[in-house]
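Hi everyone, thanks for making time today. I'd like to walk you through a structure that may be new to you, so please have a look at it while I talk.

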Amino acid sequence: MALSATLIVTVFPFVWMITGAFKPQREILSDEVTLLPQQPTLDNFHDLFTRVQFGHYFLNSSVVAVSVVLGNLLFCTMLGYALAKLEFPGRRPLFGLVMAMLTVPTVVTFIPLFVLVTKMGLINTYRGLILPFLAAPLGVFIMRQFIAGIPDSLIEAARMDGAGEFRILFTIIVPLCGPALATLAILQFLSSWNEFLWPLVAGQTEDMYTLPVAIALISAGSNTVNYGLLLAGATVVVMPVLALFLVLQRYFVQGIATTGTK
């Protein structure tokens, strides 16, 4: 019973969002609360795809999210391998620093990060939206914990055969890290795709807006919030994340189940 109640509470906002996307504005603002639309309409989606430069904003979100995911898969794997399997001075303090960064709220680093990106001349560019997030501390932690559980004998055998560290990483370690990589990909894609505050501040012109920023600003034009357009946009935004999770859910569950035990 408790699990059923929790499921209902969790799923209800998503159901409300999807059904609300098919309601006219007057029905959304009506005092009579209904879950299903009484007069279903596609006008909200029509406005989303015609009045808004949806394709351009979708491209911006895709470029940023995919770049951030690929960067994290590469750099977090490299850092995780170094922290888990390589001996070098300062390895433990460095891992401690990574753990400490997990406890620091994003808002604390927001202003210093903005000042740094501004001084580097990266404001209002794809690089400014992507570079600060290419190696997330959580990603480093996930990959380090997973790689630490891989037997050292595999690495020692490869070294005896003359393999270098990069070859060991990409031919032995990476193929064994499917669950951890899938977990990292889902978490980073979700974070980057739904990010609102940083693209709003770092992407200062309309041509650099990502989908969450564009939909929020456009739906609130003329001092009146177009809730139908907002719900339609939110529905479209959540679909790529849902699709990615459905494709990688088996690996995601394995990664979550095994990372913390390594």
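The residues lining the second largest pocket fall into 16 nonpolar, 2 polar and no charged. One thing to say early: what you are looking at is a predicted model. That second largest pocket holds about 420 Å³ of space. There are 18 residues around it, and if you want to find its centre, look for Phe14, Asn194, Ala234, Val238 and Val241, which lie nearest. Which elements give two or more residues to this lining? They are helix H1 (2–20), H11, helix H13 (211–219) and helix H14 (227–259). H14 gives the most, with 9 residues.

Now for the largest pocket. Its volume is about 900 Å³. The lining has 28 residues, and the closest to the centre are Thr106, Pro132, Phe133, Ala136 and Pro137. Several helices give two or more residues here: helix H4 (54–85), helix H5 (91–102), helix H6 (106–119), helix H8 (137–148), helix H11 (178–194) and helix H12 (197–202). How many residues come from H6, the helix that gives the most? H6 gives 5 residues to the lining. As for the classes, 22 of the lining residues are nonpolar, 5 are polar and 1 is charged. You may have noticed that H11 has come up twice: H11 is on the list for the largest pocket, and H11 is also on the list for the second largest pocket.

Let me step back to the whole protein for a moment. You can count 14 helices and 0 strands, and reading along the sequence gives the pattern α-α-α-α-α-α-α-α-α-α-α-α-α-α. Taken along the principal axes, the C-alpha atoms fill a box of roughly 70 × 55 × 30 Å. Of the 262 residues, 38% count as buried.

While we are on burial, let's pick out Val140. You will find Val140 in helix H8. Is Val140 buried or exposed? Val140 has a relative accessible area of 4%, so it is buried. Here is a pair to try in your viewer: Val140 and Leu181 are 41 residues apart in sequence, and their C-alpha atoms are 11 Å apart in space.

Next, the surface. There is a nonpolar surface patch of about 830 Å², made by Leu7, Ile8, Val11, Phe12, Val15, Trp16, Val33, Leu35 and Leu36. Take Val15 as one of these residues. Val15 is found in helix H1, and helix H1 is also one of the helices that line the second largest pocket. Why can Val15 be part of a patch? A patch residue needs over 30% relative accessible area, and Val15 passes because its value is 31%, which makes it partly exposed.

Finally, the salt bridges. A search of the whole structure finds 4 of them. Let's begin with Lys85 and Asp152, whose side chains meet at 2.5 Å, N to O. Lys85 lies in helix H4 and Asp152 in helix H9 (residues 152–160), so this pair ties together parts that are 67 residues apart in sequence. Lys85 counts as buried at 12% relative accessibility, while Asp152 counts as partly exposed at 44%.

Then there is the salt bridge between Arg91 and Glu87, at 3.5 Å, N to O. Arg91 is buried, with a relative accessible area of 14%, whereas Glu87 is exposed, at 69%.

Another salt bridge joins Glu156 and Arg159, at 3.1 Å, N to O. How are these two placed along helix H9? They are 3 residues apart there, so about one helical turn separates them. Glu156 is partly exposed, with a relative accessible area of 42%, and Arg159 counts as partly exposed too, at 28%. This pair also belongs to something wider: Glu156, Arg159 and Glu165 are linked in a network of salt bridges.

To recap the places I'd visit in the viewer: the largest pocket, where H6 gives the most to the lining; the second largest pocket, where H14 gives the most; and the salt bridge between Lys85 and Asp152. Thanks for listening, and I'm happy to take questions.

Notes. Residues numbered from 1 in each chain as written. Predicted model: local features only at pLDDT ≥ 70, side-chain atom pairs only at ≥ 80, totals over all residues. Heavy atoms only, no water. 1 Å grid on protein atoms, 1.4 Å probe; cavity = no way out; pocket = protein on both sides within 12 Å on 5 of 7 lines; lining within 4 Å. Points joined across faces, edges and corners; volume = space filled by probe spheres on them. Helix = DSSP H or I, 4+ residues; strand = E, 2+ residues; numbered from the N terminus. Nonpolar A, V, L, I, M, F, W, Y, C, P; charged D, E, K, R; others polar. Patch = residues over 30% accessible without salt bridge, like charges linked within 9 Å, V, L, I, M, F, W, Y side chains within 5 Å. Areas by Shrake-Rupley, 256 points an atom, 1.4 Å probe, with all protein chains shown as cover. Buried < 20%, exposed > 50% of the residue type's maximum accessible area, 1.4 Å probe, protein only.
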